[in-house]
Amino acid sequence: MTTTDTTANGAPRAGGAGRIGARTVSRIGFGAMQLPRLRDDRAAALAVVRRAVELGVDHIDTAHFYGDGFANDVLREALRPEDGVLVVSKVGATPHSGGPHPMRLAQRPEELRASVEDNLKSLGVDRIPLVNLRRAERAPGLIAEGDQVVDIDDQLATMTALRDEGKIDAIGISHVGMAELRRALPVGLACVQNAYSLVARDDEEMLRLCVAEDIAWVPYFPLGSAFPGMPKVTDEPAVVALAESLGSTPAQIGLSWLLHHAPNVLLIPGTADTGHLEANVAAGAVALDATALAALDAVPTR
């Protein structure tokens, strides 16, 4: 039986215990977005997922548009019911292998419903525990145009209907501003996924609202933007210096800061390498004292 301190298979919780919706999960989870890099080495992809479970990860973030179903298919094979892993998916985009990007926006209500069905099929389940609605009104990433500009209330009505039908258990929202978040609160959100890191703290007010509303805050780009020319946490002198003094890596310092910064933060760092996975999980054991936190808090947001 799962306890606060261990996962269903008895592993110590990576990063300690947190909550997302009604579920207790490890605060360090795993993002499956990079698994399609191992398309030609399925055994390696399966090994990364199995290693994550062994390390105390029981919250995995995925989407059908990650590799046109590849990530979901790997999770379907790698995960076992007794692992007790919370698999969280998202909608708002769909695979587009022949286009300029590997995905295209799919924001219309009928497309959200179709994406949930795609996720159910590729994950091999009858119900998805939590699905994030990815909005597309602001950078970074694709911006909605034309018929992809859809009112959030229409989208939330579809998500609520899917929950009522038993297709999904809980609703999250991703890539949103404060106005959208406030409009979404009445549906009962389990989590918010926004770009957020030590060097990108524009959403601090939203984070505090989520603390007050008991909503999990699940940052993507937790070490800074993956887009060229954008600031990265691992380049910050204060981060590098602290990593050297503690015998950690700059990435571990950046992840540890997030866990220390607010109690509702859950991490889903992604990788296709078991070594990087182990280093990410180890960030949960990095202790930052008041002096270290003050030095990091002083790093300007970009």
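Buried means under 20% relative accessible area, exposed means over 50%, and partly exposed lies in between. Keep these cut-offs at hand. The model is predicted.

## Exercise 1. Classify T6

Decide whether T6 is buried, exposed or partly exposed, then describe its surroundings.

**Solution.**
- Step 1: place the residue. T6 sits in the segment before β1 (17-20).
- Step 2: take its relative accessible area. The value is 21%.
- Step 3: apply the cut-offs. Buried needs a value under 20%, and exposed needs one over 50%. T6 therefore counts as partly exposed.
- Step 4: list its contacts. Neighbours within four places in sequence are left aside; T6 then touches A11, P12 and R13.
- Step 5: look further along the chain. V85 is 79 residues away from T6 in sequence, and their C-alpha atoms are 12 Å apart.

## Exercise 2. Read the sheet

Work out the strand order of the open sheet, and find its edge strands.

**Solution.**
- Step 1: write the order. The seven strands run β3-β4-β5-β8-β9-β10-β11, and the pairing is parallel.
- Step 2: recall how strands join. Strands of a sheet pair through backbone hydrogen bonds.
- Step 3: find the edges. β3 (30-31) and β11 each pair on one side only.
- Step 4: count bridges from β5 to β8. Four bridges join these parallel strands. K90 faces N132 of β8.
- Step 5: move on to β8 and β9. Six bridges link them, again in the parallel sense. R134 has S174 in β9 as its bridge partner.
- Step 6: check the burial of β9. Six of its seven residues are buried, so β9 is largely enclosed by the rest of the structure.

## Exercise 3. Find the buried side of α4

Which residues of α4 are buried, and how are they arranged around the axis?

**Solution.**
- Step 1: check the length. α4 (residues 152-164) has 13 residues. From first C-alpha to last, α4 reaches 18 Å, close to the 18 Å expected at 1.5 Å a residue.
- Step 2: list the buried residues. They are I152, Q155, L156, T158, M159 and L162.
- Step 3: test the arrangement. These residues cover an arc of only 155° around the axis, which puts them on the same side of α4.
- Step 4: recall the general rule. An α-helix has 3.6 residues a turn, so residues three or four places apart point the same way.
- Step 5: ask what covers the buried residues. The cover includes β5 (86-91), α3 (109-123), β8 (128-134), β9 and α5.
- Step 6: inspect the ends. D151 caps the N-terminal end of α4, with a side-chain oxygen 2.8 Å from the backbone nitrogen of D153. Just after α4, G166 has a positive phi of about 85°.

## Exercise 4. Trace the contacts of Q148

Which backbone nitrogen does the side chain of Q148 reach?

**Solution.**
- Step 1: locate the residue. Q148 lies in the loop between β8 and α4.
- Step 2: classify it. Its relative accessible area is 9%, so Q148 is buried.
- Step 3: follow the side chain. The side chain of Q148 reaches the backbone nitrogen of Q107 at 2.6 Å.
- Step 4: widen the view. Residues up to four places away are not counted; Q148 touches L105, A106, Q107, R108 and E111.

## Exercise 5. Compare two positive phi angles

D68 and H175 each have a positive phi. Are D68 and H175 buried or partly exposed?

**Solution.**
- Step 1: take D68. Its phi is about 50°, although D68 is not a glycine. D68 belongs to the loop between β4 (59-61) and α2 (70-78).
- Step 2: classify D68. A relative accessible area of 48% makes it partly exposed.
- Step 3: take H175. Its phi is near 65°, and H175 is not a glycine either. H175 is in the loop between β9 (168-174) and α5 (178-184).
- Step 4: classify H175. At 1% relative accessibility, H175 is buried.

## Exercise 6. Analyse an aromatic pair

What is the geometry of the pair Y196 and W217?

**Solution.**
- Step 1: count the pairs. The structure holds four aromatic pairs.
- Step 2: take the geometry. Y196 and W217 lie 5.7 Å apart, centre to centre, with 90° between the planes.
- Step 3: apply the cut-off. Planes over 60 degrees apart count as edge-to-face, so this pair of Y196 and W217 is edge-to-face.
- Step 4: locate the partners. Y196 is in the loop between β10 (189-193) and α6 (204-213), while W217 is in strand β11 (residues 216-217). The two are 21 residues apart.
- Step 5: check burial. Both Y196 and W217 are buried.
- Step 6: extend the group. Y196, W217 and W257 form one aromatic cluster.

Conventions: Residues are numbered from 1 along each chain as its sequence is written. This is a predicted model: local features need pLDDT of at least 70, side-chain atom pairs count only at pLDDT 80 or more; totals for chains, interfaces and linings use all residues. Side-chain values use heavy atoms; hydrogens and water are left out. Rings of Phe, Tyr and Trp (its six-membered ring) pair if their centres lie within 6.5 Å; planes under 30 degrees apart count as stacked, over 60 as edge-to-face and the rest as tilted. Buried means under 20% relative accessible area, exposed over 50%, partly exposed in between (1.4 Å probe, protein chains only). The expected span of a helix is 1.5 Å times one less than its number of residues. The arc is that of the directions from the helix axis to the C-beta atoms. Contact means heavy atoms within 4.5 Å. A polar contact is a pair of N or O atoms within 3.5 Å; within protein, one must be able to donate a hydrogen and the other to accept it, and residues adjacent in sequence count only if both atoms are side-chain atoms. Two strands pair if DSSP finds at least two bridges between them.
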